[in-house]
Amino acid sequence: MYPENVVPAGPYTLRPPVEADAEAVARACDDPEIARFLPLMPSPYTREDALSWITGVSRETWKRGGADYAVTDTATGELLGVAGLKPLDPLGNGEVGYWVAPWARGRGVATAAVRALAELAFAQGVPRIALIAEIENIASQRVALAAGFRREGVLRAAQGSRDGSRADMAAFARLATDPGAAITPYLPFFPGGELTDGVVRLAPLTPADAGDYHAMASVPDVYARHVPPEPPVRAECEELCRYAMHRWLSGHQAGIAIRDAATGEFAGDIQLSNIVPPLDQAMTGYSLRPEFRGRGFVTRAVELLVEWAFTHTSLRRIVAGTAPDNTASQRVLERAGFVREALVKDLLPGPGGTRMDDVQWSRTR
Ligand SMILES: CC(C)(COP(=O)(O)OP(=O)(O)OC[C@H]1O[C@@H](n2cnc3c(N)ncnc32)[C@H](O)[C@@H]1OP(=O)(O)O)[C@@H](O)C(=O)NCCC(=O)NCCS
């Protein structure tokens, strides 16, 4: 269905793969990121695997109405990656897939290739193109947004992994009628990946934090302040850490580890949640392991986070809520420049079916 020709993609060129690409394809694909996020590709990946893809699998894709292109540097002809369109599904919809060689990542190759493929498919009358990436594959999800694909949701346990587990997949799509401009996330990531004042360090939660997070959230005076005030379920803590970057990118929640800057040890967490873009408002909340209390860590974390939010995002109001008897948390907010706004009666679920009042605070830009 797609014309088997050469497609320009900015400084790159898409062309059907040839046998002479086998060496470069094999070198590129023998890579841990590709093995992790493309579990159907052979691993380890040999020159024979590359040849059988070039002369077999990719020929078959073209015959079945799809497209498989080598992405090359137009100036030098060097192979930089592969990008393709699956044969249309029975409803006439397309889907893109891609990988970029480790030596060519981070310079817009995937974004340019996906954009070119989308234009190619729309020109053939395809109404909708899907792009599905593993929930932890943040690079690929950023490619999706940069190429104008909108996030639509999460497909739970949709892909088998090499270890036999099932991975959740983030689903994006671009319609022929979409503007196609790059989609800017409401919340950017921290510049350089983290914030620090030399005493604490803030960085997105990662799957490796799940054990520490669960242990902290299991401390009775920590979960007493959670909504609802119940001990955490381990699987939910794992999901929270595994999804943290995806939720950040999608503007739903920034889940952040507070670390001791000197040792790197996990000291607690802080979040931005309840994000309301039309109001440019978000809520912050935090917890600290008992061993790290009394050292001003949370006040420092709140100050770093608010300063970043008011400098690097369009947020204008950060709000917080504390129980009326939670003087430690109220002191943190006061020291971080928050003002008390209201006492809301019976807002929060309390233990044993009771309700609890909530003192509400804000700091404005
Ligand atoms: C995902 C992959 C194709 C990205 O290719 P790429 O050419 O490096 O991507 P681009 O240079 O176009 O970068 C696109 C965006 O991703 C960001 N990005 C790139 N690598 C990143 C990384 N490791 N972590 C976080 N973000 C990353 C870029 O900063 C850019 O964001 P911006 O538009 O907000 O500036 C490449 O990392 C890869 O081949 N990974 C292994 C295979 C794979 O995951 N394929 C996709 C399966 S769905």
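**A predicted chain and its ligand shell**

The shell around the ligand in this predicted model comprises 13 nonpolar, 5 polar and 4 charged residues.

Q: How many residues surround the ligand, and which are the closest?
A: The model is predicted, and the shell around the ligand is described here by its members. The ligand is surrounded by 22 residues. The closest of these are V100, G106, G108, T111 and N137.

Q: Which helix gives the most residues to the shell around the ligand?
A: Several elements supply at least two residues each to this shell: helix 2 (32–37), strand 5 (94–100), helix 4 (109–123), strand 6 (128–134) and helix 5 (138–146). The largest share, 5 residues, comes from helix 5.

Q: What percentage of the surface that the ligand exposes when taken alone does the protein bury?
A: Polar backbone atoms approach the ligand at two residues: one of Y98 is 2.8 Å from a ligand nitrogen atom, and one of V100 is 2.7 Å from a ligand oxygen atom. In the side chain of R142, an N or O atom is 3.2 Å from an oxygen atom of the ligand. Taken alone, the ligand exposes 930 Å². The part of this that the protein buries is 74%.

Q: Which elements are included in what covers the buried residues of helix 5?
A: Helix 5 gives the most residues to the ligand shell, and its buried residues are I138, S140, Q141, V143, A144 and L145. The cover over these buried residues includes strand 5, helix 4, strand 6, strand 8 and helix 9.

Q: Which residue just after helix 5 takes a positive phi?
A: Helix 5 spans residues 138–146. Just after this helix, a positive phi of about 85° is found at G148.

Q: Are the rings of F189 and W248 stacked, edge-to-face or tilted?
A: A pair of aromatic rings is described by the distance of the centres and the angle of the planes. Planes under 30 degrees apart would count as stacked and those over 60 as edge-to-face. For F189 and W248 the centres are 5.7 Å apart and the planes stand at 45°, so the pair is tilted.

Q: How many residues apart in sequence are the parts that the pair of F189 and W248 ties together?
A: F189 and W248 are both buried. F189 belongs to the loop between strand 8 (166–175) and strand 9 (195–196), whereas W248 belongs to helix 9 (residues 244–249). The pair therefore ties together parts whose separation in sequence is 59 residues.

Q: Which residues do ring pairs link into a cluster?
A: The count of aromatic pairs comes to 6. Ring pairs join F189 and W248 with two further residues in one cluster. The cluster consists of F189, F190, W248 and W308.

Q: Is D209 buried or exposed?
A: D209 is placed in the loop between strand 10 (200–204) and helix 6 (210–217). Leaving aside residues up to four places away in sequence, D209 touches P204, C241, A257, R259 and F266. Its relative accessible area is 3%, and the cut-off for burial is under 20%. D209 is therefore buried.

Q: Where is P228, which follows V227 through a cis peptide bond?
A: The peptide bond from V227 to P228 is cis, with omega near -5°. Another cis bond runs from S43 to P44, also with omega near -5°, and P44 is in the loop between helix 2 and helix 3 (47–63). P228 is placed in the loop between helix 7 (220–223) and helix 8 (234–242).

Q: Is N274 buried or exposed?
A: N274 lies in strand 12 (residues 266–276) and has a positive phi of about 45° although it is not a glycine. Its relative accessible area is 52%, and the cut-off for exposure is over 50%. N274 is therefore exposed.

Q: What does D346 count as at 45% relative accessibility?
A: D346 is placed in strand 15 (residues 339–349), and its phi is near 55°, a positive value in a residue other than glycine. Values between the cut-offs of 20% and 50% fall in the intermediate class. At 45% relative accessibility, D346 therefore counts as partly exposed.

Q: What percentage of the residues in the chain is buried?
A: The secondary structure of the chain comprises 11 helices and 16 strands, and its C-alpha atoms fill a box of roughly 70 × 40 × 40 Å along the principal axes. The accessible surface comes to about 17100 Å², with 53% belonging to carbon and sulfur atoms. Of the 365 residues in the chain, the buried ones make up 49%.

Key. Residues numbered from 1 in each chain as written. Predicted model: local features only at pLDDT ≥ 70, side-chain atom pairs only at ≥ 80, totals over all residues. Heavy atoms only, no water. Near = heavy atom within 4 Å. Polar contact = N/O pair within 3.5 Å; in protein donor to acceptor, adjacent residues only side chain to side chain. Areas by Shrake-Rupley, 256 points an atom, 1.4 Å probe, with all protein chains shown as cover. Helix = DSSP H or I, 4+ residues; strand = E, 2+ residues; numbered from the N terminus. Nonpolar A, V, L, I, M, F, W, Y, C, P; charged D, E, K, R; others polar. Buried < 20%, exposed > 50% of the residue type's maximum accessible area, 1.4 Å probe, protein only. Phe/Tyr/Trp six-rings, centres within 6.5 Å; stacked < 30°, edge-to-face > 60°. Contact = heavy atoms within 4.5 Å.
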